[in-house]
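I opened the model and went through it point by point. My entries follow.

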Number of protein chains: 2
Amino acid sequence: MSESVPESVDRGRAPNIRDVARLAGVSHQTVSRVLNNHPSIRESTKQRVLEVMTELQYRPNRAARALVTSHSRTIGVLASQRSQYGPSSIIQSIELAAQDAGYLVSTANITATDEDSIVTALDHLNAQAIEGLVIIAPQVRVVRAISNLDLRVPFVTMSTTDGTEDHAVAVDQVAGARLATRHLIELGHRDIYHLAGPQDWIEAEARMHGFLQEMNAQDVPTTAPILGDWSADFGYYAGRELMRVRDFTAIFSSNDQMALGLIHAIRDAGQDVPHDVSIVGFDDIPEAAHFWPPLTTVRQDFPELGRRCVAQLLGTMGKAPSGYAGPIQPELIVRRSTAAPSF
Amino acid sequence: MSESVPESVDRGRAPNIRDVARLAGVSHQTVSRVLNNHPSIRESTKQRVLEVMTELQYRPNRAARALVTSHSRTIGVLASQRSQYGPSSIIQSIELAAQDAGYLVSTANITATDEDSIVTALDHLNAQAIEGLVIIAPQVRVVRAISNLDLRVPFVTMSTTDGTEDHAVAVDQVAGARLATRHLIELGHRDIYHLAGPQDWIEAEARMHGFLQEMNAQDVPTTAPILGDWSADFGYYAGRELMRVRDFTAIFSSNDQMALGLIHAIRDAGQDVPHDVSIVGFDDIPEAAHFWPPLTTVRQDFPELGRRCVAQLLGTMGKAPSGYAGPIQPELIVRRSTAAPSF
DNA sequence: CTCCTGAATGTGCACGGTCACATCCGAGCG
DNA sequence: CGCTCGGATGTGACCGTGCACATTCAGGAG
């Protein structure tokens, strides 16, 4: 094994603080101090070190730093259904807010709903020595798995119904659902269906609760909600089934995509929205305003949600004051998919 | 404000290989060999070590491993517009494929289009010692900035028009656009507009080229494409302007969202799709089948694209055979938003 | 002039793994 | 019975950085 390799000049490994130190004529510790903005470094020394750094194209080795400090300056995001509008919007705003706070974001996807998949994803994040965790895969079983796993990092979820309020950041889904339901009732509807999301999802459950609460509060009898899967395809399928019965004048859909499918099915059956059936969605995706008819829906402020997640997490981590500001209030956006029933 | 955290008992540091070694009665190196599946380890020893590992809940420290091997087993993804359907679908499938190959994925967002923002994002990824990079923010200026930056890691982009074929993985956007255009021409349309994406986007440019190529090939005179921003809002706005003129019978939109906005505007003007105007989109987002009318569009196989990105990247990294299979062929999905023109 | 003080800088070690090399031990063979 | 050989395991160094502590140095007080 020849090891007498003539070390080519700029070849070999990347420069480290000792290389910088040598060229700047200081100790490696001084370089480290410059890196970390230590107060007692002479300005001239600092400048010299910085010059050498740019000259050598020096980049601090994050692995080494993480090793010694056990601080990775990384927060993890545990997500599922990332291609959906809500989750991906939230991730985006989390990244933005995290960057502002000097943190990196690593995401891990839950591919399946089994616990193994969750553990795998968490392992991936743990392996990165994340300092905090945001869970935006608000399925009941995910939250449960996480409680069992006793992860060692502070985390924030979006469960709104849980008792652990200090872990939760949320849009007030119940209030949003009540807003939507009240709107329909005030228009004069009495026979209202609810197309819910998957039962396992905390948000879906909360919206369903809001729906039932408002119906009860207004003394309107209800039927059992239909459990969907968030997709437009399912909305269409459910709509076709429902149109065989036609014992309703309005449907509150748990998200906008299913609402779109519903409208499609209703029109296929020769009926009109909103004349025959009123439809309300949830989320206010950017396309909702251009559905036909434009969709009445409940707007969630996703960017604000992402910001609060990070703020809350930093608070829990002790890095920032944890100004808990209560749940975010959603907003009803009335468009043309709702009208008074035509008896 | 509260900080006096009482250090819980077992809170000490996480167990390391030496802890495991001590309890198993072996050396730390033996533990390391177990971790790395070294062949010459007696089965009984291996079992004993593994038992201790689970007992201590041992997790290898990735930072330490990365430090010594300078392998992070992480690939970076540089993305923009992550909340859009295409990018987020691709990211999701990249993560899946990367996980299968034993890699982690770190994403960085380009928040603005300026070069600074790109450099910041790249710095974030570089800091993670990524071994490869996937660029799914296919804006011209991003690719240019990256060429200038001379990053030290292998990378894969989605530029289809570039000469650097070994870096590129792509759906054949030109072919897809020609498919859509040909469909309209074969239906009998002659006055066809193209609503393009932002000029800076490589995909937008490729689709525009495909449109123009096909129009020329079929000897149909063309007008200048309209440059949009991918959003349904813009599609609506553009549609309203276009409806003042009405010198066309069909529009090929560069994505489905803008197509939705177009349909909305056309209907607002009292015209019908497809009777008065035929519309073709691009992407086949899951909602497209439920638009009114259901949208004729060009389907891109995003999951396959993500898989190929990772395969290609691993090939470039020398970790796997780089089976370059040529661009992915998109598929025309004919629905009810297109029909023969009614003269 | 000496001593003290605090700013500026240097020295050695620790972090948790992997690598190169050394060592141990039992089997096979002349 | 001694020697070789290779499988199984141990030993020490090292990766790049930050921390605790040591050291130097200049300036002001006594």
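**Entry 1: the two copies.** I began with the contacts between the chains, counting a contact when heavy atoms lie within 4.5 Å. Of the interface residues of chain B, 98% are also interface residues in chain A, so the copies meet through the same surface. I then looked up the superposition, done by least squares on the C-alpha atoms of residues with pLDDT of at least 70 in both copies. A turn of 180 degrees and a shift of 0.2 Å along the axis lay chain B on chain A with an RMSD of 0.4 Å. The two copies are thus related as by a two-fold rotation axis. In chain B, the C-alpha nearest this axis belongs to B:A63, at 2.4 Å.

**Entry 2: ground rules.** I noted that this is a predicted model, in which local features need pLDDT of at least 70 and side-chain atom pairs count only at pLDDT 80 or more, while totals for chains, interfaces and linings use all residues. Residues are numbered from 1 along each chain as its sequence is written, chains are lettered from A and ligands numbered from 1 in the order written, and side-chain values use heavy atoms, with hydrogens and water left out.

**Entry 3: DNA strand D.** Which residues are closest to DNA strand D? I found A:R18, A:Q29, A:Y58, B:T30 and B:T45, among 30 residues that surround the strand (near means a heavy atom within 4 Å). Of the atoms of DNA strand D that come within 4 Å of the protein, sugar and phosphate account for 59%.

I checked polar contacts with the phosphates next (pairs of N or O atoms within 3.5 Å; within protein, one must be able to donate a hydrogen and the other to accept it, and residues adjacent in sequence count only if both atoms are side-chain atoms). A polar side-chain atom of A:Y58 is 2.6 Å from a phosphate oxygen of DNA strand D. For the side chain of A:N36, the distance from an N or O atom to a phosphate oxygen is 3.4 Å. B:R42 uses a polar backbone atom, 3.0 Å from a phosphate oxygen.

Two or more residues each come from α1 (17–24), α2 (28–35) and α4 (62–69) of chain A, and from α2 (28–35) and α4 (62–69) of chain B. Helices (H or I, at least four residues) and strands (E, at least two) are DSSP runs, numbered from the N terminus. α4(A) gives the most to this surface, with five residues.

**Entry 4: the core.** I looked for the largest nonpolar core (buried Ala, Val, Leu, Ile, Met, Phe, Trp, Tyr and Cys residues joined through side-chain atoms within 4.5 Å; buried means under 20% relative accessible area with a 1.4 Å probe, protein chains only). This core has 48 residues, and A:I251, A:I279, B:I251 and B:I279 have the most contacts inside it. β5 (192–196), α10 (232–242) and α11 (256–268) give two or more residues in chain A, as do their counterparts in chain B. Leaving out residues up to four places away in sequence, A:I251 touches A:L184, A:Y193 and A:I279, among others.

**Entry 5: backbone oddities.** Most residues other than glycine have a negative phi, and most peptide bonds are trans. I listed exceptions.

- A:W292 and A:P293 are joined by a cis peptide bond, omega about -5 degrees. A:P293 is in the loop between β8 (278–280) and β9 (297–299) of chain A.
- B:V273 to B:P274 is cis as well, with omega near 5 degrees. B:P274 is in the loop between α11 and β8 (278–280) of chain B.
- A:D284 has a positive phi, near 55 degrees. At 10% relative accessibility, A:D284 counts as buried.
- B:D283 has a positive phi of about 125 degrees. B:D283 lies in the loop between β8 and β9 (297–299) of chain B.

Note on methods:
Buried < 20%, exposed > 50% of the residue type's maximum accessible area, 1.4 Å probe, protein only.
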